[in-house]
Amino acid sequence: AEMSIRGIHAATLWVADAEATARVLTGALGHREVARQEGIVRYEAGDGGPGTYVDVRAIPGFLPGMGGAGTVHHVAFRAGTDANEFALRERISGDGLQITEQIDRTYFRSMYFREPGHVLFELATDAPGFDVDEARATLGEALKLPPQYESLRARLETTLVPLRVPRRDDGAFGIVGGPMGSGVTA
């Protein structure tokens, strides 16, 4: 447990116009600038600390955000409640950005928009939570799919790599498994 991944420290955005991205972060999303170092500006939300940081790096002439192999699809921000999400939506649309209607993702509700650097941002609620279709005590032990993806179950089960949670007493820790059964062991 002490070696497990507990979250993401920061998201780093590479954009051509860092000031335009900063205006969205510090305006509509309520982040504040907390550090500058070697062309990277760090913003944080809420009480701060790991998981609340967004680092913005200005790279003039950099390509706008786009999807494809080897890219991150989007950056998600916690809205918490529906009320907070809709308030954020008002601020974002008030800044002239296009934002989707609320989308039910079974485990949470989301809204999406592209910031001026074309990075796709998601706002997500906490509720109803990942234990909506399974007991918290067995969370993650079985493949759970939202109803709209249930028809893909057979195909997904053949393509997903099985994961094994190592036990402290079997001598393994870190990431174990993979297509060839390789992994990191102690």
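Helices here are DSSP runs of H or I with at least four residues, strands are E runs of at least two, and both are numbered from the N terminus. With that in hand, Pro-128 can be placed in the loop between strand 8 and helix 3. Keep in mind that this is a predicted model. The protein has three helices and eight strands, and they run along the sequence as β-α-β-β-β-β-α-β-β-β-α.

**The whole chain**

- The protein has 186 residues, and 28% of them count as buried.
- Take the contacts with a separation of 6 or more: 45% of these come from residues 24 or more positions apart.
- The accessible surface adds up to about 12300 Å², and carbon and sulfur atoms own 57% of that.

**Helix 2 and its two sides**

- Helix 2 has 13 residues and spans 18 Å from first C-alpha to last, close to the 18 Å expected at 1.5 Å a residue.
- Which residues of helix 2 are buried? They are Glu-85, Leu-88, Arg-89 and Ile-92.
- Looking down the axis of helix 2, you'd find the buried residues within an arc of 105 degrees, so they line one face of the helix.
- Turn to the face pointing away from that buried side, and you meet the exposed residues Ala-83, Glu-90 and Gly-94.
- The cover over the buried residues of helix 2 includes strand 5, strand 7 and strand 8.
- Just after helix 2 comes Gly-96, with a positive phi of about 90 degrees.

**A closer look at Arg-89**

- Arg-89 sits in helix 2, which covers residues 82-94.
- Is Arg-89 buried or exposed? Its relative accessible area is 14%, and Arg-89 counts as buried because the cut-off for that label is under 20%.
- Setting aside neighbours within four places in sequence, Arg-89 is in contact with Ile-99, Thr-100, Glu-101 and Met-111.

**Aromatic rings**

- How many aromatic pairs are there? The count comes to five.
- One of them is Phe-77 with Phe-121, an edge-to-face pair with 4.8 Å centre to centre and 70 degrees between the planes.
- That pair ties together distant parts of the chain: Phe-77 is in strand 5 (residues 75-80) and Phe-121 is in strand 8 (residues 120-125), 44 residues apart.
- Both partners are tucked away: Phe-77 counts as buried at 11% relative accessibility, and Phe-121 is buried with a relative accessible area of 0%.
- Tyr-107 and Phe-130 also pair up, with ring centres 5.2 Å apart and planes at 20 degrees, so this pair is stacked.
- Why does the Tyr-107 and Phe-130 pair count as stacked? Their planes are at 20 degrees, and stacked is the label because planes under 30 degrees apart earn it.
- The stacked pair also links distant parts of the chain, 23 residues apart: Tyr-107 is in the loop between strand 6 (103-104) and strand 7 (109-114), while Phe-130 is in the loop between strand 8 and helix 3 (153-159).
- Tyr-107 counts as buried, at 8% relative accessibility.
- Phe-77 and Phe-121 turn up again with Phe-113, as these three form one aromatic cluster.

**Arginines over rings**

- Arg-42 lies over the face of Tyr-53, at 4.4 Å from the ring centre.
- Arg-57 does likewise with Trp-14, lying over the ring's face at 4.9 Å from its centre.

**Backbone oddities in the loops**

- Where is the cis peptide bond? It runs from Ala-127 to Pro-128, with omega near 5 degrees, and Pro-128 belongs to the loop between strand 8 and helix 3.
- Glu-38 isn't a glycine, yet it has a positive phi of about 50 degrees.
- You'll find Glu-38 in the loop between strand 2 (32-37) and strand 3 (40-44), where Glu-38 counts as exposed at 73% relative accessibility.
- His-118 is another residue other than glycine with a positive phi, near 75 degrees.
- The place to look for His-118 is the loop between strand 7 and strand 8.
- At 39% relative accessibility, His-118 counts as partly exposed.

Key
Residues numbered from 1 in each chain as written. Predicted model: local features only at pLDDT ≥ 70, side-chain atom pairs only at ≥ 80, totals over all residues. Heavy atoms only, no water. Phe/Tyr/Trp six-rings, centres within 6.5 Å; stacked < 30°, edge-to-face > 60°. Buried < 20%, exposed > 50% of the residue type's maximum accessible area, 1.4 Å probe, protein only. Lys NZ or Arg CZ within 6 Å of the ring centre and 35° of its normal. Contact = heavy atoms within 4.5 Å. Expected span 1.5 Å × (residues − 1). Arc of directions from axis to C-beta. Areas by Shrake-Rupley, 256 points an atom, 1.4 Å probe, with all protein chains shown as cover.
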